[in-house]
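Please walk me through this structure in connected prose, starting from a single side chain and working outwards to the packing of the helices and the chain as a whole.

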Amino acid sequence: RIKEDVVTSISDFTEADVLCGRGGGTNNHAGNKYFRKLVEEHRDQYFLAKKLEKAQISRKIVAIIRDRGGRYLRRDESTRKWCDI
């Protein structure tokens with residue numbers, strides 16, 4: 001969900017950030033690799049969980065990324081800058 005109140009353009013991203021998008025650039029980014037590792041670690045628990053528990057697991061993964069200074073970023077194609085979503 002995109003934050004509607006304030007969208008800050010980000011020129012640079014860090015190794016802790018998760019980049020939304022397709023292709024080698026995002027797939028090979030360190031933050032995306034770490035995100036995929038977290039998802040894999042929680043996969044079995046997620047598949048066995050009920051609906052509310054699934055949301056909690058998803059929020060936990062988001063919090064782990066954010067707690068280590070990471071952001072979830074998508075690129076604005078008109079400005080070519082990254083926006084935190």
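In this predicted model, Arg66 touches Arg71, Tyr72, Asp84 and Ile85, where residues up to four places away in sequence are not counted. Arg66 itself lies in helix α3, and with a relative accessible area of 29% it is partly exposed, because that value falls in the range between the 20% below which a residue counts as buried and the 50% above which it counts as exposed. A further relation reaches back towards the N terminus, since the C-alpha atoms of Arg66 and Val18 are 9.8 Å apart in space although 48 residues separate the two in sequence.

Both Val18 and Tyr72 reappear in the interior of the model, where they belong to the largest nonpolar core, a set of seven residues that also includes Leu38, Ala49, Ile57, Ile61 and Ile65. Helix α3, which spans residues 51-67, gives the most to this core, with three residues. As a general background, nonpolar side chains in soluble globular proteins tend to be buried together.

Two members of the core can be followed in more detail. Leu38, placed in helix α2, is buried, with a relative accessible area of 4%, and, leaving aside neighbours within four places in sequence, Leu38 is in contact with Ile61, Ile64 and Ile65. The C-alpha atoms of Leu38 and Lys60 are 9.8 Å apart in space, with their positions 22 residues apart in sequence. Ile57, for its part, touches His42, Gln45, Tyr46 and Ala49, again without counting residues up to four places away in sequence.

These contacts lead to the packing of two helices, and such a pair is described by the angle between the axes and the distance between the axes. Helix α2, residues 30-48, packs with α3 at an angle of about 160°, and their axes are 10 Å apart. That makes α2 roughly antiparallel to α3, because angles over 145 degrees count as roughly antiparallel. The crossing in which α2 passes α3 is right-handed.

Which residues of α2 and α3 meet? On the side of α2 they are Tyr34, Phe35, Leu38, Val39, His42, Gln45, Tyr46 and Phe47, and on the side of α3 they are Lys54, Ile57, Ser58, Lys60, Ile61, Ile64 and Ile65. Sorted by class, the contact of α2 with α3 has 10 nonpolar, three polar and two charged residues.

Lys54, one of the α3 residues that take part in this contact, is partly exposed at 23% relative accessibility. Not counting residues up to four places away in sequence, Lys54 touches Tyr46, Phe47 and Ala49. The C-alpha atoms of Lys54 and His42 are separated by 10.0 Å, with the two residues 12 positions apart along the chain.

Towards the C-terminal end, attention turns to two residues with rather particular settings. Arg80 is found in the loop between β3 (72-76) and β4 (81-84), and the phi of Arg80 is near 65°, a positive value in a residue other than glycine. Most residues other than glycine have a negative phi, and most peptide bonds are trans. Arg80 is partly exposed, with a relative accessible area of 46%. Cys83, by contrast, lies in strand β4 and is buried, with a relative accessible area of 4%. In sequence, Cys83 and Ser11 are 72 residues apart, and in space their C-alpha atoms are 9.0 Å apart.

It remains to set these details within the chain as a whole. The chain has three helices and four strands, and from the N terminus on its elements run β-β-α-α-α-β-β. Of the 85 residues in the chain, 25% are buried. Among the contacts in the chain with a separation of 6 or more, 48% are accounted for by residues 24 or more positions apart.

Technical notes
Residues are numbered from 1 along each chain as its sequence is written. This is a predicted model: local features need pLDDT of at least 70, side-chain atom pairs count only at pLDDT 80 or more; totals for chains, interfaces and linings use all residues. Side-chain values use heavy atoms; hydrogens and water are left out. A nonpolar core is a set of buried Ala, Val, Leu, Ile, Met, Phe, Trp, Tyr and Cys residues joined through side-chain atoms within 4.5 Å. Buried means under 20% relative accessible area, exposed over 50%, partly exposed in between (1.4 Å probe, protein chains only). Helices (H or I, at least four residues) and strands (E, at least two) are DSSP runs, numbered from the N terminus. Contact means heavy atoms within 4.5 Å. Axes are lines fitted to C-alpha atoms, for helices over the stretch in contact, and angles run from 0 to 180 degrees between N-to-C directions. Angles under 35 degrees count as roughly parallel, over 145 as roughly antiparallel, 65 to 115 as roughly perpendicular and the rest as oblique. A crossing is left-handed if the near helix is turned anticlockwise from the far one by less than a right angle, and right-handed if clockwise. Ala, Val, Leu, Ile, Met, Phe, Trp, Tyr, Cys and Pro count as nonpolar, Asp, Glu, Lys and Arg as charged, and the others, Gly among them, as polar.
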